[in-house]
Amino acid sequence: MITIPYFTALTTFFSYVLLFAFGQLRDFFRKFIDWYDSKSLQGYAPICLGLEDFYIRRLYLRIQDCFGRPISSPPDAWFDVVERFSNDNNKTLKRTSKKMRCINLGSYNYLGFAASDEYCTPRVIESLQRFSPSTCSTRVEGGTLSIHTELEDCVAKFVGKPDAIVFGMGYVTNSAILPVLVGKGGLIISDSLNHNSIVNGARGSGACIRVFQHNTPSHLESVLREQISEGQPRTHRPWKKIMVIVEGIYSMEGELCKLAEIVAVCKKYKAYVYLDEAHSIGAIGKTGRGVCELLGVDTADVDIMMGTFTKSFGSCGGYIAGSKELIQYLKHTCPAHLYATSISPPAAQQIISAIKVILGEDGTSRGAQKLARIRENSNFFRSELQKMGFEVLGDNDSPVMPIMLYNPAKIPAFSRECLKQNVAVVTVAFPATPLLLARARICISAAHTREDLLKALEVIGRVGDMVGIKYFPAADPNKQPTIENRVKLE
């Protein structure tokens with residue numbers, strides 16, 4: 001639950017109403033121009049139509065310089081951002097030969113493996129020479145190499161499950177797996193703030209979908225009890241299967257899942273637990289094994305464990321870990337395994353090497369140091385932002401910390417001013433978040449030094465004063481968040 005100050009909510013509403021009114025007025029006159037335009041396709045319906053198209057044209061394109069910024073170096077603690085300019089009010093952007101050296105507060109490089117590493121990089125280069133950049137085949141044809149089976153064994157051991165299966169894309173891991181696991185006659189109960197890949201996977205499954213209030217086990221139990229008592233729609237037959245889907249760390253909120261309480265509820269009502277650890281695996285826990293380790297939950301109580309390699313491991317792809325029976329079933333039925341090209345061998349080697357560093361199997365303590373540093377950096381940065389008066393979402397130990405912006409005018413203002421002062425941040429707005437809940441999402445890395453963080457805090461604090469996004473009294477983080485004179489938004 002996010003609470004917005006009444007005045008902020010009022011001005012945000014007013015800004016969007018103003019944008020909508022003037023945008024509709026311009027679209028009205030645009031129809032006459034299109035009517036006289038000989039290039040328009042007569043008789044065809046508009047290929048782009050609807051509110052989202054209106055939002056893209058009338059808001060997003062005006063501030064698109066804040067998104068999709070090209071970089072020309074590894075996404076380490078600092079990186080090179082390519083400068084761009086526009087001669088047509090941001091309709092098109094052109095690159096220049098200039099680059100800006102900026103602090104990177106946007107990449108998911110949680111443990112610093114995205115840059116060259118003394119242990120990982122030589123082994124990745126060796127795997128490229130031994131195998132190839134691509135298998136040019138699916139896993140079931142000629143695309144299963146020894147490195148893929150090694151990776152699956154390594155992942156299963158790391159997360160504490162009997163077996164695992166890996167895929168070449170993290171988004172597809174959710175969207176392609178869920179339709180295989182649950183179908184017609186089944187029930188999916190999803191957290192209201194689950195990632196879009198989960199939403200699309202659930203919709204494609206044909207199962208009945210219900211949503212429970214974000215990270216609220218009591219409401220989950222209420223939904224479960226109601227659905228079990230009512231059964232399937234129309235027939236009221238018992239559900240064939242019930243699956244509860246949650247995330248370890250919610251990527252837009254930075255919150256840790258209340259996993260222990262949710263597992264207890266699912267055990268009580270005999271529902272399967274599907275845990276998405278895209279942002280938590282490798283980044284939290286004493287040995288980097290994710291939210292189960294951090295919260296003391298036995299991995300045997302989580303039926304399906306999903307994660308990606310794009311964050312903490314500096315690679316690409318995703319995995320599903322579970323029982324041997326489950327993984328064998330997925331290997332015979334999942335389209336992402338049957339029809340998609342297998343994960344690139346160098347990418348697979350990067351994951352294996354990163355896991356070995358995390359576990360100390362490289363013969364050093366660098367893995368433990370990285371885990372300690374990401375935890376210290378995250379908690380320090382969050383605490384300092386709160387002391388300055390920013391509204392920061394999320395929990396301690398989470399490397400994801402959204403700073404609430406709300407007003408649409410503050411999205412480009414915050415992003416552009418930070419970039420001018422050599423701090424690269426990611427701003428997030430609709431449709432990735434609800435329309436009124438725009439934010440800047442800060443991602444902390446173990447590669448950041450204390451000097452990097454202090455410089456970033458100095459810039460963000462200065463820009464925060466300039467833009468007006470310090471919604472709380474400075475040096476008083478205990479007052480976050482209060483519900484007095486605030487509007488509640490889920």
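## Reasoning through a predicted model

Modeller: Let's start at the N-terminal end: an unreviewed UniProt entry annotates residues 6-25 as a "transmembrane region". Please bear in mind that the model we are looking at is predicted.

Colleague: Happy to. What does the chain look like over residues 6-25?

Modeller: That span is 100% helix and 0% strand, with its end C-alpha atoms 28 Å apart. The label itself comes from the UniProt record, and such annotations may be inferred rather than shown by experiment.

Colleague: And how much confidence does the predictor have in the protein, in terms of mean pLDDT?

Modeller: The mean pLDDT is 92, and 93% of the residues reach 70 or more. One stretch to treat separately is residues 480-485, where pLDDT stays under 50. For those residues the model has 14 contacts beyond four places in sequence.

Colleague: Back to the helix. Why does F14 count as exposed?

Modeller: F14 has a relative accessibility of 53%. Exposed means over 50%, so F14 qualifies. The residue lies in helix α1, which covers residues 6-36.

Colleague: Which residues form the nonpolar patch on the surface?

Modeller: F14, L18, F22, L25, F28, F29 and F32, with about 760 Å² of accessible area together. Membership calls for over 30% relative accessible area, and F14, at 53%, therefore passes that test.

Colleague: Now the charged pairs. What makes E361 and K157 a salt bridge?

Modeller: Their side chains meet at 3.9 Å, N to O. The cut-off is 4 Å between a Lys or Arg nitrogen and a carboxyl oxygen of Asp or Glu, so 3.9 Å falls within it. The two partners come from distant parts of the chain, 204 residues apart: E361 sits in the loop between α12 (345-359) and α13 (366-388), K157 in helix α4 (residues 146-159).

Colleague: Are E361 and K157 buried or exposed?

Modeller: K157 is exposed, at 60% relative accessible area. E361 has 44%, and because partly exposed means between 20% and 50%, E361 takes that label.

Colleague: What about R225 and E221: where do they lie?

Modeller: Both are in helix α7 (residues 217-230), 4 residues apart, about one turn of the helix. Their side chains meet in a salt bridge at 3.8 Å, N to O, and this distance is within the 4 Å limit.

Colleague: Why does E221 count as buried?

Modeller: Buried means under 20%, and E221 has 19% relative accessibility, so E221 meets that condition. Its partner R225, at 44%, counts as partly exposed.

Colleague: What does the salt bridge between D301 and K267 tie together?

Modeller: The closest N and O atoms of D301 and K267 are 3.0 Å apart. D301 lies in the loop between α9 (291-295) and β9 (304-308), and K267 in helix α8 (residues 259-269), so the bridge joins parts 34 residues apart in sequence. Both residues are partly exposed, D301 at 23% and K267 at 46%.

Colleague: How many salt bridges does the structure hold?

Modeller: There are 16. D117, E118, D362 and R366 are linked in a network of them.

Colleague: UniProt also has a domain here. What does the record say about residues 102-460?

Modeller: The unreviewed entry gives "domain: Aminotransferase class I/classII large" for that span. In the model, residues 102-460 are 42% helix and 16% strand, and their end C-alpha atoms lie 13 Å apart.

Colleague: How do you know that M306 counts as buried?

Modeller: M306, in strand β9, has 1% relative accessibility, and since buried means under 20%, M306 earns the label. Beyond four places in sequence, M306 has contacts including G170, Y274, L275 and I320.

Colleague: And why is T427 called buried?

Modeller: T427 has 3% relative accessible area, also under the 20% cut-off, so the word applies. T427 lies in strand β13 (residues 426-428) and touches, among others, C66, F67, L405 and R439.

Colleague: Last one: what is notable about the phi of C136?

Modeller: Its phi is positive, about 55°, although C136 is not a glycine. C136 is in the loop between α3 (120-130) and α4, and at 70% relative accessible area C136 is over the 50% cut-off and therefore exposed. N422, in the loop between α14 (410-420) and β12 (423-424), has a positive phi of about 65° and is not a glycine either.

Key:
Residues are numbered from 1 along each chain as its sequence is written. This is a predicted model: local features need pLDDT of at least 70, side-chain atom pairs count only at pLDDT 80 or more; totals for chains, interfaces and linings use all residues. Side-chain values use heavy atoms; hydrogens and water are left out. Patches are made of residues with over 30% relative accessible area and no salt bridge: like charges are joined within 9 Å, nonpolar side chains (Val, Leu, Ile, Met, Phe, Trp, Tyr) within 5 Å. Accessible areas come from the Shrake-Rupley method with a 1.4 Å probe; for residues, only the protein chains shown count as cover. Helices (H or I, at least four residues) and strands (E, at least two) are DSSP runs, numbered from the N terminus. Buried means under 20% relative accessible area, exposed over 50%, partly exposed in between (1.4 Å probe, protein chains only). pLDDT is the predictor's confidence in each residue, from 0 to 100. Contact means heavy atoms within 4.5 Å.
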